[in-house]
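Me: I would like to learn how to read a protein–DNA model with some care. Could you take me through one, feature by feature?

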Amino acid sequence: MAPYFALVDVNNFYVSCERVFNPRLEGVPVVVLSNNDGCVVARSNEAKALGIPMGAPWFQLRDLARRHRVRTLSSNYELYGDMSARVVAILRDFAPDIEVYSIDESFLDVAPVQARHGGGTALGQALRRRIRQWTGLPVCVGLAPTKTLAKLANHLAKRHPEFDGVCDWGALSAQEQSAWMGRVGVGEIWGVGRRLTGQLQALGMRSVRDLCLAGRAFLQARFSVVLARVADELRGTSCLDLEAMAEPRQQIIVSRSFGRPVTALAELQEALAMHAARAAEKLRAQRSVAALVLVSLHARPFRTGERFERAFALPEPTDDTRLLTGAVLAGAGRLFRAGCAYRKAGLLLSGLSARDLCQQDLFDRGAGARERAARLMAVMDRINRTYGPDTLRSAASGLERPWHMRSGHRSPRYTTCWEELPVVS
DNA sequence: TCTGGGGTCCTAGGACCC
DNA sequence: TCTGGGGTCCTAGGACCC
């Protein structure tokens, strides 16, 4: 059976999560800021109507926000991650074939189940009701025979009230499909970013329909196979499969900006030790080992500050927090320059491979030590999972952490922390 | 003064192989 | 005067996504 894709997407996800637990945020402009309260990463519809752009640096908007009494929140990723997991659990109930595409979006193959619900639109409405009732979150649903069309249908469902939150592309007549494609700008297409939008418009292709009408050979020669595939998908030929099995990551990045400029090597190393521990946890979670670590330091100021980075090969592929930390601290020592003010530090693990397939040294005598290390790491992970992140950590990652990011307006972790449960009085 | 943190894929070009 | 024809692998950079 050919797949039929449903894209389920939570409206203004971070803002909606906050509103579930704080109804006073309903009906008023709300923004959620990135880590370090740096820039805007989520906006309520009211905030969008004020012209607050996505990704805008917050300090530039502070006056505007004050004038319009915009409610401002720091990111609360523990809350958002937990709410996301709840939504995914509900979706799995509806259709077992699901690709979790991002924290607030999933693709489902509804071909085997939609008849049971009375068609795509009815299925979409059932999903909306269930998610609203069980989590409090509003979602929109787009359904279509290709992923790119499902994204387009979702876009329509979100912006045009006549769809009531669900757009089944396949249920539209050919004339309706063509008319909608003529109304939506080429830049709204999934896979067409700012750059391509400009280039396509320069060639006179302004709407989705214009891109659809362009020849495949032309698009591939003038742009790339990627854009040619996008056009194929818009014409109804499915090129992108549902990726239900999450492949292990090919690289793992952990980096954070500092809450204030950092000039001391010791502080830089504390932060990097903390990042190394996080990266090692991610590595172990996907049962991989890393062969290479890249350490990067970003100097201030934002625009003109230099970036220093260097890759270091690990003695052998590893997932051991202690070995990674050692490598990263040594790397930081070599990159560090006295007198330089840093705003951000991070690391990237690459050369990842499956832990169980890892090639060992021919003269290796360390099997016993590796076995003990693996058990130690497993215990550490278990304790941190049970009692909270960082319950057990390396001393290298610091106690006070004065460089830690700003997060001045974070809401309580309502669903993941006993001390912060919501109270009804 | 003040600007996030992750990821993916594709392409071109260079090094190297026979 | 005149210098082949295939390949693979790796990396950097650029585009995109949320």
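Reply: We shall look at the surface near a DNA strand, then at a helix and its buried side, keeping in mind throughout that this is a predicted model.

Me: Which residues come nearest to DNA strand C?

Reply: One begins with the list of neighbours and then asks which part of the strand they meet. Here 13 residues lie around DNA strand C, and K151, G191, G193, R195 and L196 come nearest. Sugar and phosphate make up 100% of the strand's atoms that come within 4 Å of the protein.

Me: What is 2.8 Å from a phosphate oxygen of DNA strand C?

Reply: That is a polar side-chain atom of K151, while a backbone N or O atom of G191 is placed 3.1 Å from a phosphate oxygen of the strand. For E105, an N or O atom of the side chain lies 3.2 Å from a sugar or linking oxygen of DNA strand C. As for secondary structure, the elements that contribute two or more residues to this surface are β5 (98–102) and α8 (194–202), with α8 giving the most, three residues.

Me: How many nonpolar, polar and charged residues does the surface near DNA strand C have?

Reply: Sorted by class, the surface near DNA strand C comprises five nonpolar, three polar and five charged residues.

Me: Turning to helices, what span should helix α14 have, and what do its end C-alpha atoms show?

Reply: A helix can be checked by comparing its expected span with the separation of its ends. Helix α14 (residues 367–387) has 21 residues, which at 1.5 Å a residue should span 30 Å, and its end C-alpha atoms are 30 Å apart, so the two agree. The helix is followed by G388, whose phi is positive, near 105 degrees.

Me: Which residues of α14 are buried, and why are they said to line one face of the helix?

Reply: The buried residues of α14 are A373, M377, M380, D381 and N384. Because the buried residues fall within an arc of 100 degrees when α14 is seen down its axis, they line one face of the helix. The face turned away from that buried side carries the exposed residues R372, T386 and Y387, and the cover over the buried residues includes α12 and α13 (321–335).

Me: Is H275, in helix α12, buried or exposed?

Reply: H275, which sits in helix α12 (residues 265–285), counts as buried because its relative accessibility is 2%. Leaving aside residues up to four places away in sequence, H275 touches V254, S255, R256, A345, G346 and L347.

Note on methods:
Residues are numbered from 1 along each chain as its sequence is written. Chains are lettered from A and ligands numbered from 1 in the order in which they are written. This is a predicted model: local features need pLDDT of at least 70, side-chain atom pairs count only at pLDDT 80 or more; totals for chains, interfaces and linings use all residues. Side-chain values use heavy atoms; hydrogens and water are left out. A residue is near a molecule or strand if one of its heavy atoms lies within 4 Å of it. A polar contact is a pair of N or O atoms within 3.5 Å; within protein, one must be able to donate a hydrogen and the other to accept it, and residues adjacent in sequence count only if both atoms are side-chain atoms. Helices (H or I, at least four residues) and strands (E, at least two) are DSSP runs, numbered from the N terminus. Ala, Val, Leu, Ile, Met, Phe, Trp, Tyr, Cys and Pro count as nonpolar, Asp, Glu, Lys and Arg as charged, and the others, Gly among them, as polar. Buried means under 20% relative accessible area, exposed over 50%, partly exposed in between (1.4 Å probe, protein chains only). Contact means heavy atoms within 4.5 Å. The expected span of a helix is 1.5 Å times one less than its number of residues. The arc is that of the directions from the helix axis to the C-beta atoms.
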